[in-house]
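These are my notebook entries on a single protein chain. I looked up side-chain surroundings, aromatic rings, backbone angles and the main pocket, and I recorded each in turn.

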Amino acid sequence: MKYIQATQEHAKIIYDIVQETITKIYPEYYPKEVVDFFCCLHSKENIERDIVNGCVGVLIDNEQIVGTGSYKDNHITRVYVAPKYQKRGYGSYIMQSLESYIAIQHEKAYLDSSLPARHLYRQRGYRTVKNLTHIVDCGVILKYEVMEKIVHSDKKKNKTITENYND
């Protein structure tokens, strides 16, 4: 298993993983307008732009891309594992990789939590620092949490350490 920086050749696969996950998993948690909002937010154009900016990775296992994750500065975004590969630890592996990158320059990592992923983030030591809302089509309200976790790099040992919060 390896997590590598995405290239333009990965854009369609990443887009397909993200869209499949949103359309299969999110309807269990959100109304159609919110699902549509997430599909538009994670458009192929936005994914391609983030790849060009060097902030998208892919997780490869047995020569198959099984998931993706992105970050900008210390903000983690777009962590998705294809539905058929979920519940195998891939999401945690992606998160650890992203946290390691962030820890090189920042003490804290932040993310906006979707309902389906909140449990994973809490298990990884994230805590809610803010509850926000966003109005999508037809006045439907998306509620989400901004979460944070302390991460820092131990430069002497050249490894990343993450501190878990105890809620």
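**Entry 1: Gln19 and Ile22**

I began with the contacts of Gln19: beyond the neighbours within four places in sequence, Gln19 touches Cys39 and His42. I note here that the model is a predicted one. Gln19 lies in helix 1. I asked whether Gln19 is buried or exposed. Its relative accessible area is 12%, and because the limit for buried is under 20%, Gln19 counts as buried. I then looked for a polar partner and found that the side chain of Gln19 reaches the backbone oxygen of Cys39 at 3.1 Å.

I turned next to Ile22, which is also assigned to helix 1, residues 11–25. Ile22 has a relative accessibility of 0% and so counts as buried. With neighbours within four places in sequence set aside, I listed the contacts of Ile22 as Pro27, Val35, Phe38, Cys39, His42 and Tyr80. Cys39 and His42 therefore appear in the list for Ile22 as well as in the list for Gln19, by the criterion of heavy atoms within 4.5 Å. I also checked Ile22 against Lys72: the two are 50 residues apart in sequence, and their C-alpha atoms are 21 Å apart in space.

**Entry 2: Aromatic rings**

How many aromatic pairs does the structure hold? I recorded 9. One of them joins Tyr3 and Tyr101, with 6.3 Å from centre to centre and 40 degrees between the planes, and it is classed as tilted. This pair links distant parts of the chain, since Tyr3 is in strand 1 (residues 2–5) and Tyr101 is in helix 4 (residues 90–103), 98 residues apart. I looked up the accessibility of both partners. Tyr3 is buried, with a relative accessible area of 11%, whereas Tyr101 is partly exposed at 36%.

I then examined Tyr26 and Phe38, a pair that is edge-to-face, at 5.0 Å centre to centre and 90 degrees between the planes. Tyr26 sits in the loop between helix 1 and helix 2 (32–41) and Phe38 in helix 2, so the pair ties together parts that are 12 residues apart in sequence. Both Tyr26 and Phe38 are buried. I noted further that Tyr26 and Phe38 belong to one aromatic cluster with Tyr30, Phe37 and Tyr80. Two members of this cluster, Phe38 and Tyr80, are among the contacts of Ile22.

**Entry 3: Positive phi angles**

I looked up two residues that have a positive phi although neither is a glycine: Glu63, at about 60 degrees, and Lys87, at about 70 degrees. Glu63 is in the loop between strand 2 (56–61) and strand 3 (64–72), and Lys87 is in the loop between strand 4 and helix 4. Glu63 is exposed, with a relative accessible area of 81%. Lys87 has 86% relative accessibility and so counts as exposed.

**Entry 4: The largest pocket**

I recorded a volume of about 1200 Å³ for the largest pocket. It is lined by 44 residues, and those closest to its centre are Tyr26, Val79, Ser114, Ala117 and Tyr121. Which element gives the most to this lining? Strand 4 (residues 75–81) does, with 7 residues. I sorted the lining by class and obtained 20 nonpolar, 16 polar and 8 charged residues. I close with Tyr26, which is named close to the pocket centre and is also a member of the aromatic cluster.

How values were computed: Residues numbered from 1 in each chain as written. Predicted model: local features only at pLDDT ≥ 70, side-chain atom pairs only at ≥ 80, totals over all residues. Heavy atoms only, no water. 1 Å grid on protein atoms, 1.4 Å probe; cavity = no way out; pocket = protein on both sides within 12 Å on 5 of 7 lines; lining within 4 Å. Points joined across faces, edges and corners; volume = space filled by probe spheres on them. Helix = DSSP H or I, 4+ residues; strand = E, 2+ residues; numbered from the N terminus. Nonpolar A, V, L, I, M, F, W, Y, C, P; charged D, E, K, R; others polar. Buried < 20%, exposed > 50% of the residue type's maximum accessible area, 1.4 Å probe, protein only. Polar contact = N/O pair within 3.5 Å; in protein donor to acceptor, adjacent residues only side chain to side chain. Phe/Tyr/Trp six-rings, centres within 6.5 Å; stacked < 30°, edge-to-face > 60°.
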